[in-house]
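Biologist: I'm new to this structure and would like a close look at one part of it. Could you take me through one long helix and whatever it packs against?

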Amino acid sequence: MESSLENKIKKMFSEYQNDVIFDNLPLFFTLAYELKENLKNYSFTYDVMKIPETDIHEVMNNVFAYYESIGIKCPFEDLLLSSHLKLRGLPYKNDCQYIENNLSRGMIYYNNGEYYVVLYLLGLMSDAFNIVHELSHYNNVPIGIRNQYSHLFTEAIASAEEFLFADFIEQRGMKEIASLWYQYRLDNFFKTANIALAIFNVLTSWGYIDDIGISPNYEISSDDFKICQKYFLKNNYDFHHICWYLMAYSLSPFLFFELERVDSKGALLKEWYNKINYNDISSIFSSMGLNDLGDEDRVKLKKSLIALIKSRKI
Ligand SMILES: [Zn+2]
């Protein structure tokens with residue numbers, strides 16, 4: 001009897017059409033593999049209990065100052081005044097797992113032709129990163145012509161903006177929280193790559209992805225199978241999500257350095273905000289200083305990732 005996981009995956013593959021992720025699975029497999037390989041020799045340590053407590057005024061002071069520094073109008077007040085921003089204060093709990101689980105909780109949703117932003121706030125300085133991340137999404141969604149490339153690249157831009165914000169507050173003297181955020185995110189990168197690899201191993205061994213020649217035996221380990229099951233069944237996640245994050249985590253260190261390089265960070269961000277909403281992948285890549293994520297591009301991505309790790313050690 002087929003497991004419900006097999007049924008779910010079979011259904012997923014029978015239903016997709018013209019999908020940039022499903023049509024390029026070996027590329028996403030390669031991104032996951034390289035992300036893991038590039039990160040596996042480093043350890044990332046951080047203590048979320050050390051994130052300073054603060055209030056929304058202090059958080060917003062930093063967020064507004066960040067937007068001013070990059071020359072983009074912060075959409076926070078307009079969203080708040082139009083009731084399109086829902087702020088949810090979470091109760092404080094002296095529990096590191098609870099804090100970590102809620103560090104990056106937020107979302108954007110679409111209702112009746114309008115976009116809304118929901119943010120869960122812990123009353124910690126980390127809320128600022130969460131706000132910058134969701135507002136980054138908001139800054140490219142009101143264009144209203146979303147397509148599969150918008151979804152594929154919006155996480156990469158938001159992730160790069162988190163690094164840019166970390167750099168900004170580091171320069172304002174908040175070195176510890178900035179370092180902690182780099183470590184927390186790089187650790188996320190590694191965990192995401194591992195989950196994705198487990199899924200790709202299962203999909204390859206079941207014949208859904210062509211062998212890309214990186215693991216000679218596609219014997220699914222019971223761990224791979226369990227991870228895959230947890231991802232699809234327990235959490236009921238859409239397969240696209242993990243691929244959006246793989247793209248985000250592969251690209252964002254590189255995009256961060258591209259932003260660091262230019263004087264007008266806002267202009268470059270606005271170009272990306274705009275480009276990802278048009279159905280033209282080569283113009284998206286070229287605005288980002290990339291080509292097609294082939295071998296040459298992936299060497300650049302690796303160099304940026306390693307440079308980020310080495311320059312941002314605690
Ligand atoms: Zn996001």
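Modeller: Here is a walk along one helix, then across to its partner and on to the core.

First, some housekeeping. This is a predicted model, where local features need pLDDT of at least 70, side-chain atom pairs count only at pLDDT 80 or more, and totals for chains, interfaces and linings use all residues. Residues are numbered from 1 along each chain as its sequence is written.

Let's start with H10, which covers residues 239-261. Helices and strands here are DSSP runs numbered from the N terminus (H or I with at least four residues for a helix, E with at least two for a strand). H10 has 23 residues and reaches 34 Å from its first C-alpha to its last, close to the expected 33 Å; that expected span is 1.5 Å times one less than the number of residues. H10 still bends, by about 40° at Ser 252, and the proline Pro 253 follows within four residues. The bend is the angle between axes fitted to the seven residues ending at a position and the seven starting there.

Just ahead of H10, look at the loop between helix H9 (222-234) and H10, where Asn 236 sits. Asn 236 has a positive phi of about 55° although it is not a glycine. Most residues other than glycine have a negative phi. Asn 236 counts as exposed because it has 8 C-beta neighbours inside 10 Å. The cut-offs, with C-beta atoms placed from the backbone, are 20 or more other C-beta atoms within 10 Å for buried, 12 or fewer for exposed, and partly exposed in between.

Now for the partner, helix H13 (residues 295-311). The axes of H10 and H13 come within 8 Å and cross at roughly 75°, so the two helices are roughly perpendicular. On the H10 side, the contact is made by Ser 250, Leu 251, Pro 253, Phe 254, Phe 256 and Phe 257, and on the H13 side by Lys 300, Leu 301, Ser 304, Leu 305, Ala 307 and Leu 308. Contact means that two C-beta atoms, placed from the backbone, lie within 7 Å. Axes are lines fitted to C-alpha atoms, for helices over the stretch in contact, with angles from 0 to 180 degrees between N-to-C directions. Under 35 degrees is roughly parallel, over 145 roughly antiparallel, 65 to 115 roughly perpendicular, and the rest oblique.

Two residues of H13 deserve a stop. Leu 305 counts as buried because it has 24 C-beta neighbours inside 10 Å. Leaving aside neighbours within four places in sequence, Leu 305 is in contact with Asn 38 and Pro 253. Asn 38 is 267 residues away from Leu 305 along the chain, yet their C-alpha atoms are separated by 7.9 Å. Lys 302 counts as partly exposed because it has 17 such neighbours inside 10 Å. Its contacts, again leaving aside neighbours within four places, are Glu 34 and Asn 38.

Back on H10, follow Leu 246 into the largest nonpolar core. A nonpolar core is a set of buried Ala, Val, Leu, Ile, Met, Phe, Trp, Tyr and Cys residues joined through C-beta atoms within 7 Å. Of the 83 residues in this one, Ala 32, Phe 165, Ile 199, Leu 246, Met 247 and Leu 255 touch the most other members. Helix H8 (residues 175-205) gives the largest share, 16 residues. Beyond its neighbours within four places in sequence, Ala 32 is in contact with Ala 193, Ala 196, Leu 197, Phe 200 and Leu 246.
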